[in-house]
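Work through the following exercises with the sequence and the coordinates open beside you. Each task is followed by a solution that proceeds step by step.

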Amino acid sequence: QVQLEESGGGLVLPGGSLRLSCAASGRDFNSYAMGWFRQTPGKEREFVEREFVAAISWRGLTIYNTDSVKGRFTISRDNAKNMVYMQKNKMKPENTAVYYCAERPACSSRRSSEYDAWGQGTQVTVSS
């Protein structure tokens with residue numbers, strides 16, 4: 001089975017930048033779409049539908065929700081390193097959430113239920 005591990009979360013000052021990383025192992029990373037999702041801190045991911053942020057196919061094609069586009073989130077991947085990234089500048093308190101990377105053995109999707117592997121999540125808090 002695939003194993004995912006996020007890193008890069010923590011406390012971010014308003015207006016600061018965030019760069020999250022997700023390392024994948026266990027199967028052919030190059031054949032799978034990867035996504036980033038988020039949920040409000042304090043909520044269990046088993047009971048809350050995670051909000052779609054961005055996704056990227058194994059070919060490198062990207063999709064975003066409209067808020068992510070407006071908020072200038074950027075998703076990227078490095079297949080040689082089995083890594084996927086998310087970059088966000090000018091962070092705001094409303095960006096506070098637990099961020100998860102996820103994987104599915106198909107094309108990219110905006111629905112969290114269509115992903116079959118998840119990282120443990122990383123807390124991102126935007127506060128002064």
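## Exercises on strands, side chains and a pocket

**Exercise 1.** Describe how strand β4 and β5 are joined, and then place β5 among its other partners.

*Solution.* The model is a predicted one, and the first step is to look at strand β4 (residues 33-39), which runs antiparallel to β5 and is joined to it by five bridges. Within this pairing, M34 stands opposite I56 of β5. The second step is to turn to strand β6 (residues 62-64), which pairs with β5 in the antiparallel sense over three bridges, and here A54 stands opposite Y64 of β6. The third step concerns the connection, since β5 and β6 form a hairpin with five residues between them; in its turn, G60 has a positive phi of about 100°. Finally, the covering of strand β5 (residues 51-56) can be assessed, and five of its six residues prove to be buried.

**Exercise 2.** Decide whether E6 is buried or exposed, and determine which backbone nitrogens its side chain reaches.

*Solution.* Begin with the location of E6, which lies in strand β1 (residues 3-7). Its relative accessible area is 5%, and because this is under 20%, E6 counts as buried. Next, follow the side chain of E6, which reaches the backbone nitrogen of C101 at 2.9 Å and also that of G121 at 2.9 Å. To complete the surroundings, set aside the neighbours within four places in sequence; the residues in contact with E6 then include S21, C22, W36 and Y99, as well as C101 and G121 themselves.

**Exercise 3.** Establish how D78 is placed, and which backbone nitrogen its side chain reaches.

*Solution.* D78 belongs to strand β7 (residues 73-78). With a relative accessible area of 24%, D78 is classed as partly exposed, because that value lies between the limits of 20% and 50%. The side chain of D78 reaches the backbone nitrogen of A80 at 3.2 Å. As a last step, compare positions along the chain and in space: D78 and W58 are 20 residues apart in sequence, and their C-alpha atoms are separated by 9.7 Å.

**Exercise 4.** Characterise the lining of the largest pocket by residue class.

*Solution.* The space in the largest pocket comes to about 330 Å³. Among the residues that line this pocket are R38, D67, K70, R72, F73, K88 and E94. Sorting the lining by class gives one nonpolar, three polar and eight charged residues.

Key. Residues are numbered from 1 along each chain as its sequence is written. This is a predicted model: local features need pLDDT of at least 70, side-chain atom pairs count only at pLDDT 80 or more; totals for chains, interfaces and linings use all residues. Side-chain values use heavy atoms; hydrogens and water are left out. Helices (H or I, at least four residues) and strands (E, at least two) are DSSP runs, numbered from the N terminus. Buried means under 20% relative accessible area, exposed over 50%, partly exposed in between (1.4 Å probe, protein chains only). A polar contact is a pair of N or O atoms within 3.5 Å; within protein, one must be able to donate a hydrogen and the other to accept it, and residues adjacent in sequence count only if both atoms are side-chain atoms. Two strands pair if DSSP finds at least two bridges between them. On a 1 Å grid over the protein atoms alone, a cavity is a set of points where a 1.4 Å probe fits but cannot get out, and a pocket is an open set with protein on both sides within 12 Å along at least five of seven lines; lining residues have an atom within 4 Å of a point. Grid points are joined across faces, edges and corners, and a volume is the space filled by probe spheres set on the points. Ala, Val, Leu, Ile, Met, Phe, Trp, Tyr, Cys and Pro count as nonpolar, Asp, Glu, Lys and Arg as charged, and the others, Gly among them, as polar. Contact means heavy atoms within 4.5 Å.
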